[in-house]
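Here is a short set of exercises on ring pairs, charges over rings and enclosed cavities, each with a worked solution. Keep the structure open beside you as you go.

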Amino acid sequence: MNNNLIDSLYHSGNNFRLKKALEKEQIKLAFIGGSVTKGWDGKGYISENYTCHIKKYFSDLYPDKHFESYNLSTESANSFIGLSITGKVIDDILPDIVFIEYAVNNECGHDQIVSYESLVKRILALPSSPAVALVLLMNQSLYSSQGYMKRISSHYDITSVSVADSLKKMLDEGFQWSVYADDTIHPNRWGHRYIADCIINALDNMISSEMADSYCIPEPLYSLDFADYQAVSAVSENVLSEGFEKIECVEYGEYFNTGLKMIPGTKGAKICVEGEFKNLFAAFVHDKTDRFSDAELFIDNEKKAVLQGRSIYGWGNVTLRNIYAFESKGHHKVELKIKDTKKEFILIEFGIA
């Protein structure tokens, strides 16, 4: 098992920031990711998920210091949602050590790569100068978007822990997936302990090594086009709407629980907003049933996109998409028109970058 833990350390990374963080008396840990980091095991939430094990590791190693842990994860989240959450809470918390887990939920297209690097850079650039570690997972089908994440890890010289690589080797040697997880994605208690042990192996390696002289954020590897993502809540005073009502609902997670819901049967239901941006994003609710209507998006009176309320990937959850990109930043007027007013449509936020 120890050899498998060693196999999980893809890149140890520069340890300057980690060592500086551990010199403090009050140390903030932040974890961002999807349902795995949230602690979901396919049946319910595990009280002692891997984030809890990591906090205990630090507390046991440094009993005279105080560690505060923030689990800022939410179901089905990818690095787009990570950017939104960063602007809403991480910028205020200013953590000292941040763990990022999105390898299962992220895709491998251009926008996902840009959003991931933008997220890494934005967190590295926080005033608290946090140490950053990437947690790279996979599902039972061996899917993981860790390829470009590994390259980002090496380029930025930050820690990356590939639980995926370790599991693949174990599976090749006869290990049963059912030991790690009770469904196709979400680790059970054993799985969460194993993820934690992989991370702890990397932390032990960094802590026991001589401290680096310094750390400097390098130039971009791919693109930082989304690094200045700003959320514009659907219920903010800058957003005008007709035929919608404000909703607050915990089922969409603590970071996306306020939005605008179309009043059924309202003719001409629409939402309007103006702003300066190069990239436009939208967070809305989608489902695999026909519960939600599509919405047509117009920018400067030209139809540019359709937000699909019905999607085979939806289960009544929030999705955040990059809707349209211009060559340069400018002032634009955005209008969202609902196609079928007999159905539902819920907008959570626009995003601009």
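**Exercise 1.** Decide whether Phe284 is buried or exposed in this predicted model, and work out which kind of aromatic pair Phe284 and Phe345 form.

*Solution.* Start with accessibility. Phe284 has a relative accessible area of 2%. Buried means under 20%, so Phe284 is buried. Its partner Phe345 comes out at 0%, which also counts as buried.

Next, take the geometry. The ring centres of Phe284 and Phe345 are 6.1 Å apart, and the planes meet at 15°. Planes under 30 degrees apart count as stacked, so this pair is stacked.

Finally, place the two rings along the chain. Phe284 belongs to strand S11 (residues 270–287), while Phe345 sits in the loop between S14 and strand S15 (346–352). The pair links distant parts of the chain, 61 residues apart.

**Exercise 2.** Classify the aromatic pair of Tyr116 and Tyr148, and say which helices it ties together.

*Solution.* First, the overall count: the model has 17 aromatic pairs. For Tyr116 and Tyr148, the distance is 6.1 Å centre to centre and the angle between the planes is 80°. Planes over 60 degrees apart count as edge-to-face, and that is the class of this pair.

Then look up the elements. Tyr116 is in helix H6 (residues 110–124) and Tyr148 in helix H7 (residues 146–156), so the pair ties together parts that are 32 residues apart in sequence.

Last, check burial. Tyr116 has 0% relative accessibility and counts as buried. Tyr148, at 3%, is buried too.

To go a step further, find the aromatic cluster formed by Tyr57, Phe58, Tyr62 and Phe67.

**Exercise 3.** Which rings have the charged end of Lys88 or Lys337 over them?

*Solution.* Take the lysines in turn. The charged end of Lys88 sits over the ring of Phe256, 3.9 Å from the ring centre. Lys337 lies over the face of Phe298, at 4.8 Å from the centre of that ring. Keep Phe298 in mind: this residue returns in the lining of the second largest cavity.

**Exercise 4.** Describe the cavities: how many of 30 Å³ or more are there, and which residues line them?

*Solution.* Begin with the count, which is 2 cavities of 30 Å³ or more.

The largest has a volume of about 110 Å³. Its lining has 15 residues, and those nearest the centre are Asn14, Ala131, Val132, Thr159 and Met206. Helix H2 (16–21), strand S4 (97–101), strand S5 (131–136) and helix H10 (189–208) each give two or more residues to this lining. S5 provides the largest share, 3 residues. By class, the lining of the largest cavity holds 11 nonpolar, 2 polar and 2 charged residues.

The second largest cavity has a volume of about 30 Å³. Its lining consists of Phe298, Asp300, Asn301, Lys333, Val334 and Glu335. Here the largest share, 3 residues, comes from strand S14 (residues 315–338). Sorting this lining by class gives 2 nonpolar, 1 polar and 3 charged residues.

**Exercise 5.** Is Lys43 buried or exposed, and where is it found?

*Solution.* Locate the residue first: Lys43 is in the loop between helix H3 (35–38) and helix H4 (50–61). Its relative accessible area is 67%. Exposed means over 50%, so Lys43 is exposed. To finish, compare sequence with space: Lys43 and Ile199 are 156 residues apart in sequence and 24 Å apart C-alpha to C-alpha.

Terms used
Residues numbered from 1 in each chain as written. Predicted model: local features only at pLDDT ≥ 70, side-chain atom pairs only at ≥ 80, totals over all residues. Heavy atoms only, no water. 1 Å grid on protein atoms, 1.4 Å probe; cavity = no way out; pocket = protein on both sides within 12 Å on 5 of 7 lines; lining within 4 Å. Points joined across faces, edges and corners; volume = space filled by probe spheres on them. Helix = DSSP H or I, 4+ residues; strand = E, 2+ residues; numbered from the N terminus. Nonpolar A, V, L, I, M, F, W, Y, C, P; charged D, E, K, R; others polar. Phe/Tyr/Trp six-rings, centres within 6.5 Å; stacked < 30°, edge-to-face > 60°. Buried < 20%, exposed > 50% of the residue type's maximum accessible area, 1.4 Å probe, protein only. Lys NZ or Arg CZ within 6 Å of the ring centre and 35° of its normal.
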